[in-house]
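The following exercises concern strand pairing, core packing and backbone geometry. Each task is followed by a solution in steps.

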Amino acid sequence: MAASIPANTWGSCSFCGTAVAPGATKCGICGADKPVAAGALARAPTDVRRRVRLMQFLMAALVITVAVGLAYTMIDAVLSGPPVAADPLTTTGTYHVAPGYVPILEGNVTGGDYIVGNFTSLIPYEANVSLSVYNESAWNNLVQNGSGSPVWSTPSEGSGRIVFTAEYTDDYTFVLTNAYPASSNLTITVYVATEYESNVGDDGFG
């Protein structure tokens, strides 16, 4: 003798296959009448049985697909790590430098890493400027006391290469200097391109 089905067991919608609450006369999802009672699916008409089983299979496949997609997204996020923001010392820009000095870039450089790039005076073309790099304490002294020695600098020239290697980790400020006298009222437009390069993986033979 077959075991009886408890009265509070959920049935199935005869149209969309969704689970229907015990005692319900309509499907709460699609509104179809006459849900199939629990345990009665095997005795339902053939077309109803096929439709219900097909819909249940499709819903199960959808759930599995969503679960796999979420798992893939989570695993990919873990493996790829957090997004990498562009380093503030990798940049290009045009700067207007009146007589005196103007800080153009500032950021942390790990000891052994380096900044490479170039600068060119555009207006007036090839007007002489210099580019200097100050560590944090030297830059503070320059700002507060008007004196501070750069850890690296270029000659005063119309264009030049930037190849700065940090001997130790610190916050560095890159400064353009227009050495023309204030009475000249000469503002120089300078284009600067820089790139932060890490020494990680550098075998010294490149």
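**Exercise 1: Packing around phenylalanine 174**

Task: Determine which residues phenylalanine 174 is in contact with, leaving aside its neighbours within four places in sequence.

Solution. Contact means heavy atoms within 4.5 Å. By this criterion, phenylalanine 174 is in contact with Leu89, Val102, Pro103, Ile104, Leu105, Ile115, Leu131, Ser132, Val133 and Phe164. The model is predicted: local features need pLDDT of at least 70 and side-chain atom pairs count only at pLDDT 80 or more, while totals for chains, interfaces and linings use all residues. Residues are numbered from 1 along each chain as its sequence is written, and side-chain values use heavy atoms, with hydrogens and water left out.

Next, consider the largest nonpolar core, a set of buried Ala, Val, Leu, Ile, Met, Phe, Trp, Tyr and Cys residues joined through side-chain atoms within 4.5 Å. Buried means under 20% relative accessible area, exposed over 50%, and partly exposed in between (1.4 Å probe, protein chains only). This core has 22 residues, of which Ile104, Leu131, Phe174, Leu176, Val190 and Val192 touch the most other members. Strands (E, at least two residues) are DSSP runs numbered from the N terminus. Two or more core residues come from each of E3, E4 (100-109), E5, E6, E8, E9 (170-178) and E10 (188-197); E10 gives the most, with four.

**Exercise 2: The four-stranded sheet**

Task: Establish the strand order of the open sheet and which strands stand at its edges.

Solution. Two strands pair if DSSP finds at least two bridges between them. The order is E3-E10-E5-E8, and the pairing is antiparallel. Strand E3 (91-97) and strand E8 (159-165) each have a single partner strand, so one side of each is left without a neighbour in the sheet. Within the sheet, E5 (residues 114-123) and E8 are joined by seven bridges, and valine 116 has valine 163 of E8 as its bridge partner.

**Exercise 3: The loop between E5 and E6**

Task: Identify the backbone features of proline 124 and glutamate 126.

Solution. Proline 124 lies in the loop between E5 and E6, and a cis peptide bond with omega of about -15° joins isoleucine 123 to proline 124. Glutamate 126 belongs to this loop between E5 and E6 as well. Although not a glycine, glutamate 126 has a positive phi of about 65°; its relative accessible area of 34% makes it partly exposed. For reference, most residues other than glycine have a negative phi, and most peptide bonds are trans.
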